[in-house]
Amino acid sequence: MGARIGRRTGIKVEGEIRVKNLENIIEILKQSKASDYSVLATDEFSYELFFVHGSLETVRKSEHSSAQVSVYVDHDGKKGNASFGLDSSANEKEISAKTEEAVSRARMIYDAPYSVVADDMAINAEIPSNIAGKDEKQVGAELAEAVSKACTRQGCGINALEIFVTKTVNTVRNSKGVNKTQTKYSASIEAIPTCDEKEESVELFETYTFGSLDLDGITREIAARLDDVSARANAIKPEVKLDCPVILNAYELKTFFEEIASDANYASVYMNFSLHKEGDLWQTSPNGDSLNITMRGVIEGSAYSNFFDREGTSLNDRKIIENGKIIAGYGTNRFAQYLGKEPTGALQCMDVECGKTTVSEMLASPHLECVYLSGLQVDLYNDYIGGEIRLAYYFDGEKKIPVTGIAMSGKLSEVLNNLTLSSESAVLGSYRGPEKIKISGMQIF
């Protein structure tokens, strides 16, 4: 059996408990009537801090172990599968009962045949992170300090703050020899920026999850959100119709580009949900920057980075859009087999190539910069992009005015042909790409 060993995770007692429970599950699955099985075991160790009005109220440590089990049954020339969850307290009787029930459910599923992931390469590795090796208390204190440094605006502050420092160990084992373990480190902040303006209190809710620490970046981000919450209290509805380019930020861009990328997913292609096929153009008459998107297993700083997916498929990066053209698809083991393609695994991270225009250049001419939307709406089938704008900054060429109570809409195809991508990048969740984009042709009303 081949083996590739990364840096050891260092889990001792906790790891022994997990492995013991995992071995019990596998033994029961081996004795069941399932044709194949797969188990994703997860151990999560979290250090948690809870602040109210800047005062530390609660410190808590938590540990949680669980497993997601999938069974596969070959029957009548078809394949069925069913899944169930277990926690570390599950005994053999409970595991056996759930396994038997899942096998029965799987017999009622009539999918086209496919083979589960087969791999004899054992992996035990750690996803790179500057959180690894640090004391969890130190990380929590550094995050709290980074947030505190942002609170310099008079009348504004963080009403409530929750900090989570987490170590996650994932192991996948299956009936075809898969045996892979990865260790991930992440931190999360849940904050409520609040400002007292015009004899009333205005607040927002923000959540950030990241795989590496950028303390200065966190301070800048929280400071910007405090500015925004103050602006929201003073925002006005424009008296005249606005006619200018629109600027979108990373939060909306994540949604925007995820919708574009989903069209190339093998599952969408197989089920005939995709509007485009390989070789088709997203940008049919480009007048702006070219679109280039790569799906990745690991992006530095992203908490969504993985070496393998929940089925045990090793993740392989795949460029799916080059200069506005779809050049490849991506997806899981099952749908790759159906399409006769090489599986990439369930790639979660998306890397969008930046442009050449700086953010300062973008902001120098009249524009409407959207800060908070009710939710960016992207409809591939109806060639639509739009949303209700709760807070934006309108720059008329001389001054920046916070505005609210408006909406925007446009044709997705026209937007894609007229993209201006910032040269500066941002990492947000599973997204790495331009910090901002400027789009033309949007109706603002």
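This text leads through selected helices, a buried lysine, aromatic pairs and several loop residues of the structure. The model is a predicted one.

Helix α3 is a suitable place to begin. The helix comprises 14 residues, 136–149, and the distance from its first C-alpha to its last is 20 Å, close to the 20 Å expected at 1.5 Å a residue. Its buried residues are Val139, Gly140, Leu143, Ala144, Ala146 and Val147. Viewed down the axis of α3, these buried residues fall within an arc of 160 degrees, so they line one face of the helix. An α-helix has 3.6 residues a turn, so residues three or four places apart point the same way. The buried residues of α3 pack against four strands and a helix, namely β2 (36–52), β6 (156–174), β7 (179–197), β9 (206–210) and α4 (215–234). On the other side of α3, Lys137 and Lys149 are exposed. The N-terminal end of α3 is capped by aspartate 135, which places a side-chain oxygen 2.9 Å from the backbone nitrogen of lysine 137.

Strand β7, one of the elements against which α3 packs, also contains lysine 180. Is this lysine 180 buried or exposed? Lysine 180 has a relative accessibility of 0% and therefore counts as buried. Its side chain reaches the backbone oxygen of glycine 312, at 2.7 Å. Leaving aside neighbours within four places in sequence, the contacts of lysine 180 are Asp119, Met121, Ile123, Asn170, Thr171, Val172, Phe308, Gly312, Thr313 and Ser314. Glycine 312 thus appears both in this list of contacts and as the residue whose backbone oxygen the lysine side chain reaches.

Helix α5 can be read in the manner of α3. Residues 250–262 make up this helix of 13 residues, and its span of 18 Å from first to last C-alpha is close to the 18 Å expected at 1.5 Å a residue. Buried in α5 are Ala250, Glu252, Leu253, Phe256, Phe257, Ile260 and Ala261. These residues cover an arc of only 165 degrees around the axis, which puts them on the same side of α5.

Two of the buried residues of α5, Phe256 and Phe257, lead to the aromatic rings. A pair of aromatic rings is described by the distance of the centres and the angle of the planes. Across the whole structure there are eight aromatic pairs. One of them joins phenylalanine 256 to phenylalanine 257 in an edge-to-face arrangement, with 4.9 Å from centre to centre and 75 degrees between the planes. Phenylalanine 256 has a relative accessible area of 0% and is buried; phenylalanine 257 is likewise buried, with a relative accessible area of 0%. For phenylalanine 335 and tyrosine 338, the ring centres are 5.8 Å apart and the planes stand at 85 degrees, so this pair is edge-to-face. Both residues belong to helix α7 (residues 333–339), where they are three residues apart, about one turn of the helix. Phenylalanine 335 is buried at a relative accessible area of 13%, and tyrosine 338 is buried at 17%.

The α7 pair belongs to a wider group: Phe335 and Tyr338 form one aromatic cluster with Tyr72, Tyr114 and Tyr270. Over the ring of tyrosine 114 sits the charged end of lysine 79, 5.5 Å from the ring centre. Elsewhere, lysine 400 lies over the face of tyrosine 393, 4.5 Å from the centre of that ring.

Lysine 79 also introduces a loop residue, isoleucine 109. Not counting residues up to four places away in sequence, isoleucine 109 touches His75, Lys79, Gly80 and Asn81. Isoleucine 109 lies in the loop between α2 (92–106) and β5 (122–126), and it is partly exposed, with a relative accessible area of 31%. From isoleucine 109 to lysine 254 there are 145 residues in sequence and 34 Å in space, C-alpha to C-alpha.

Two further loop residues merit attention for their backbone angles. Aspartate 76, in the loop between β3 (55–75) and β4 (78–87), has a phi near 55 degrees, a positive value in a residue other than glycine. At 65% relative accessibility, aspartate 76 counts as exposed. Asparagine 272, located in the loop between α6 (266–270) and β11 (293–296), has a positive phi as well, near 60 degrees. Its relative accessibility of 68% makes asparagine 272 exposed.

Key
Residues are numbered from 1 along each chain as its sequence is written. This is a predicted model: local features need pLDDT of at least 70, side-chain atom pairs count only at pLDDT 80 or more; totals for chains, interfaces and linings use all residues. Side-chain values use heavy atoms; hydrogens and water are left out. The expected span of a helix is 1.5 Å times one less than its number of residues. Buried means under 20% relative accessible area, exposed over 50%, partly exposed in between (1.4 Å probe, protein chains only). The arc is that of the directions from the helix axis to the C-beta atoms. Contact means heavy atoms within 4.5 Å. A polar contact is a pair of N or O atoms within 3.5 Å; within protein, one must be able to donate a hydrogen and the other to accept it, and residues adjacent in sequence count only if both atoms are side-chain atoms. Rings of Phe, Tyr and Trp (its six-membered ring) pair if their centres lie within 6.5 Å; planes under 30 degrees apart count as stacked, over 60 as edge-to-face and the rest as tilted. A charge sits over a ring if NZ of Lys or CZ of Arg is within 6 Å of the ring centre and within 35 degrees of the ring normal.
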